[in-house]
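Student: Could you take me through the ligand site in this one, slowly and in detail? I'd like to see what surrounds the ligand and how the neighbouring helices are arranged.

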Amino acid sequence: MDLFDVAQDLHFGEVHLKHDPTTGLRAIVAVHDLTLGPAIGGCRLFDYPDSDAAIHDALRLARGMSYKAAISNLPHGGGKAVIMKPPNFEELDRSALFAAFGEFVDSLGGCYITCEDVGTRVEDMDAVRSETDQVLGYDPDDGSSGDPSPFTAFGVRRGIEAAVKFQWDRDDLDGIHVAIQGVGSVGYHLAEELHELGATLTVTDINEAVVQKCVDKFGATSVESNAIFDVDCDVFAPCALGSPINDDTLPRLQCDVIAGAANNQLAQNRHGVELRERDIVYVPDYAINAGGLINVAQEFRGYDAQTARRKTAAIYDTVLQILERSERENLPTNLVANRVVEERLYGSPLQ
Ligand code: NAD
């Protein structure tokens, strides 16, 4: 599909490209929307087959960031950078490459703020910071916010609390049975929080060691990874990868609520309609998993963990409002979340 047609479909925005022959940098910065403030979004380092694939990925991801920032009431638009990983990457000077990327970000005059993403790490952001102030998530010893996962997990917990309030009019999680798919960085922190609040846990992961840790520390029941979709539970919390809600898994679900950290939980938008038809309350992924973004965005205003936590706690209100509007307007929750964002960005929904 033609690039400008894709840009039109996704309501862009700007796309910037940079080639630096000295360091080998080939980078793309996609800036989706600046209505609410400077665009924010991570920098991904990935082995793309060609520049077309890299640009399309940047466009898709930047739009996702706009929606996540807007639904979270952040004063930011959405952006994303991708760096095409060259075949001889290991021979290159990594820190020079990221410094060159920092120069690129700086040349955009403050419309895009970068941070870590898949394939990049804190030291890379330190190198970026040598050339620009438009970077977050650098060395925590220098006042940055550090690991986002506990904040993401806290936000997911708040989203689960809101869904429990909506579904059962309850203000506590005592005895609520949550099945967690993936107990990695976010899923493990989530399990810990839920256990402390009296929830009953079933967990799965392809990493047996983390599953055993949840069994030992939180009294969780473990199941094989594919069996998590059949668990008769109150809340299913997808915290792994991929699109857990798809044609194969959806008919098997035995839960009343889906609320987890994973990105892109619905394989297709129509799965949101099918969940509603089955009376399963789906908490839109980009609304419930925004805690990490809310936390890192706080750095831009002088980091303070308490403020970041207070703002992350507000995911409860965001989620409750989406679920209540979905009920009122008889619309799937994923569509309602999109509408809330599009009303904020464009004055009216796009669909
Ligand atoms: P992670 O890699 O630390 O954890 C993912 C876990 O899922 C791993 O333990 C992995 O072994 C497990 N896993 C992978 N495939 C699985 C399968 N088929 N069945 C069971 N377990 C499986 O990642 P994370 O940082 O915890 O992120 C989890 C999800 O949340 C991802 O989708 C991520 O995009 C999303 N997310 C994370 C953050 C954050 O702050 N880390 C923020 C927003 C969204």
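Tutor: Here is a walk from the ligand outwards, ending with a couple of other spots worth a look. Keep in mind that this is a predicted model.

Let's start with the shell. There are 17 residues around the ligand, and the closest are Thr-152, Ser-185, Val-186, Asp-205 and Ala-240. By residue type, the shell splits into eight nonpolar, eight polar and one charged.

Now for the polar side chains that face ligand oxygens. Asp-205, one of the closest residues, has a side-chain N or O atom 2.6 Å from an oxygen atom of the ligand. Ser-185 is also on that list of closest residues, and a polar atom of its side chain sits 2.8 Å from a ligand oxygen. Then there's Asn-263, where a side-chain N or O atom is 2.9 Å from an oxygen atom of the ligand. How much of the ligand does the protein bury? On its own the ligand would expose 830 Å², and the protein buries 73% of that.

Which elements give two or more residues to the shell? They are helix H5, residues 149–168, and helix H6, residues 185–196. So how do H5 and H6 sit relative to each other? Their axes come within 8 Å and cross at roughly 50°. Angles from 65 to 115 degrees would count as roughly perpendicular and those under 35 as roughly parallel, so H5 and H6 are oblique to each other. As for the hand, H5 passes H6 in a right-handed crossing.

While you have helix pairs on screen, try H3 (residues 94–107) and H4 (residues 122–129). The axes of H3 and H4 come within 7 Å and cross at roughly 55°, so this pair is oblique as well. The crossing of H3 and H4 is right-handed.

One last stop, for the backbone. Between helix H1 (3–10) and strand S1 (14–20) there's a loop that holds Gly-13, and His-11 lies in the loop between H1 and S1 too. What kind of peptide bond joins Phe-12 and Gly-13? That bond is cis, with omega about 5°. His-11 has a phi near 70°, a positive value in a residue other than glycine. If you zoom in there, look at the His-11 phi together with the cis bond between Phe-12 and Gly-13.

Note on methods: Residues are numbered from 1 along each chain as its sequence is written. This is a predicted model: local features need pLDDT of at least 70, side-chain atom pairs count only at pLDDT 80 or more; totals for chains, interfaces and linings use all residues. Side-chain values use heavy atoms; hydrogens and water are left out. A residue is near a molecule or strand if one of its heavy atoms lies within 4 Å of it. A polar contact is a pair of N or O atoms within 3.5 Å; within protein, one must be able to donate a hydrogen and the other to accept it, and residues adjacent in sequence count only if both atoms are side-chain atoms. Accessible areas come from the Shrake-Rupley method with a 1.4 Å probe; for residues, only the protein chains shown count as cover. Helices (H or I, at least four residues) and strands (E, at least two) are DSSP runs, numbered from the N terminus. Ala, Val, Leu, Ile, Met, Phe, Trp, Tyr, Cys and Pro count as nonpolar, Asp, Glu, Lys and Arg as charged, and the others, Gly among them, as polar. Axes are lines fitted to C-alpha atoms, for helices over the stretch in contact, and angles run from 0 to 180 degrees between N-to-C directions. Angles under 35 degrees count as roughly parallel, over 145 as roughly antiparallel, 65 to 115 as roughly perpendicular and the rest as oblique. A crossing is left-handed if the near helix is turned anticlockwise from the far one by less than a right angle, and right-handed if clockwise.
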